[in-house]
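Work through the exercises below with the sequence and the model side by side. Try each task before reading its solution.

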Amino acid sequence: MAKFYGVRAGRETGVFTSWPTCQKQVTGFKGAQFKSFPTREEAEAYVNGGKTKTSETNHGGLDVFVDGSYTDGRYSWAFAVYDQGSLIHSDAGVGTNKEASSMNNVAGELAAAMRAAKWAKDSGKIIVIHHDYQGISSWVDGSWRAKNHMTQAYQTFMKDYTSFVSFNKVAGHTGIEGNELADQLAREALGI
């Protein structure tokens with residue numbers, strides 16, 4: 001009987017069809033999250049936080065891609081908003097929280113998700129935040145424990161937005177237009 005291995009947190013995330021391939025993604029990876037499933041659909045739903053590919057594309061909201069960057073003790077954030085595949089808004093900036101900068105680019109990822117959620121609320125929109133860092137959704141749904149002040153503050157902040165914000169993990173640097181644009185905007189904000 002074929003097995004499918006869903007990796008929600010690992011070196012690479014996604015669905016794998018062999019244990020050795022899955023094992024390479026999770027062995028020695030702190031906070032790895034993975035399970036085996038009898039069907040690809042169940043494994044995909046696990047990787048995507050309970051959402052199937054169909055529900056991701058038929059969510060009735062806007063797609064928002066977030067990313068962060070870091071260099072020389074400074075971090076930046078960016079998000080790009082798409083409506084049915086067309087870019088309708090983007091924003092980026094440099095973070096100012098010195099404590100947050102100790103988290104490197106993760107600080108920017110968190111800031112981008114929070115700013116995107118606030119933008120959605122101010123605009124009266126339902127959004128799906130597409131992110132390439134697993135913690136963006138895992139700290140919100142509780143599958144990762146928020147261990148420091150920054151992740152705890154992020155978790156608390158996002159709880160007020162979950163009625164109109166959902167999450168989807170995407171693979172970073174794989175040519176996904178919105179993900180690439182958010183990465184570019186974050187780097188440009190830092191002049192890199």
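Buried residues (under 20% relative accessible area, with exposed over 50% and partly exposed in between; 1.4 Å probe, protein chains only) make up 47% of the 192 residues in the protein chain. This is a predicted model, in which local features need pLDDT of at least 70, side-chain atom pairs count only at pLDDT 80 or more, and totals for chains, interfaces and linings use all residues. Residues are numbered from 1 along each chain as its sequence is written, and side-chain values use heavy atoms, with hydrogens and water left out.

**Exercise 1. The whole chain**

Task: State how many helices and strands the protein chain has, and compare its radius of gyration with that of a compact globule.

Solution:
- Step 1. Count the elements. The protein chain holds seven helices and eight strands. Helices (H or I, at least four residues) and strands (E, at least two) are DSSP runs, numbered from the N terminus.
- Step 2. Apply the globule rule: 2.2 Å times the number of residues to the power 0.38, with the radius of gyration taken over C-alpha atoms. For 192 residues, a compact globule would have a radius near 16 Å. The protein chain has 16 Å, so the two agree.
- Step 3. Box the C-alpha atoms. Along the principal axes, they fill roughly 50 × 35 × 30 Å.
- Step 4. Look at the contacts (heavy atoms within 4.5 Å). Of those with a separation of 6 or more, 59% join residues 24 or more positions apart.

**Exercise 2. A helix pair**

Task: Describe how α4 and α6 pack, and list the residues that make the contact.

Solution:
- Step 1. Locate the helices. Helix α4 spans residues 105–123, and helix α6 spans residues 149–159.
- Step 2. Read the geometry. The angle is about 15°, and the axes are 11 Å apart. Axes are lines fitted to C-alpha atoms, for helices over the stretch in contact, and angles run from 0 to 180 degrees between N-to-C directions.
- Step 3. Classify the angle. That makes α4 roughly parallel to α6. Angles under 35 degrees count as roughly parallel, over 145 as roughly antiparallel, 65 to 115 as roughly perpendicular and the rest as oblique.
- Step 4. List the residues. From α4 come L110, A113, M114 and A117; from α6 come M150, Y154, F157 and M158.
- Step 5. Sort them. Eight are nonpolar, none is polar and none is charged. Here Ala, Val, Leu, Ile, Met, Phe, Trp, Tyr, Cys and Pro count as nonpolar, Asp, Glu, Lys and Arg as charged, and the others, Gly among them, as polar.

**Exercise 3. Two serines**

Task: Is S69 buried or exposed, and what about S137?

Solution:
- Step 1. Take S69, in strand β4 (residues 62–71). Its relative accessibility is 8%, so S69 counts as buried.
- Step 2. List its partners beyond four places in sequence. Among them are R74, Y75, N105 and R187.
- Step 3. Take S137, in helix α5 (residues 135–141). Its relative accessible area is 11%, so S137 is buried.
- Step 4. Leaving aside neighbours within four places, S137 contacts H131 and F167.

**Exercise 4. Two partly exposed residues**

Task: Find which residues F34 touches and which I126 contacts.

Solution:
- Step 1. F34 sits in strand β3 (residues 33–37). At 36% relative accessibility, F34 is partly exposed.
- Step 2. Not counting residues up to four places away, F34 touches G6, V7, W19, C22, V26 and Y46. The C-alpha atoms of F34 and V7 are 4.3 Å apart.
- Step 3. I126 lies in the loop between α4 and β7 (127–131). At 47%, I126 also counts as partly exposed.
- Step 4. Beyond four places in sequence, I126 contacts G61, L62 and F164.
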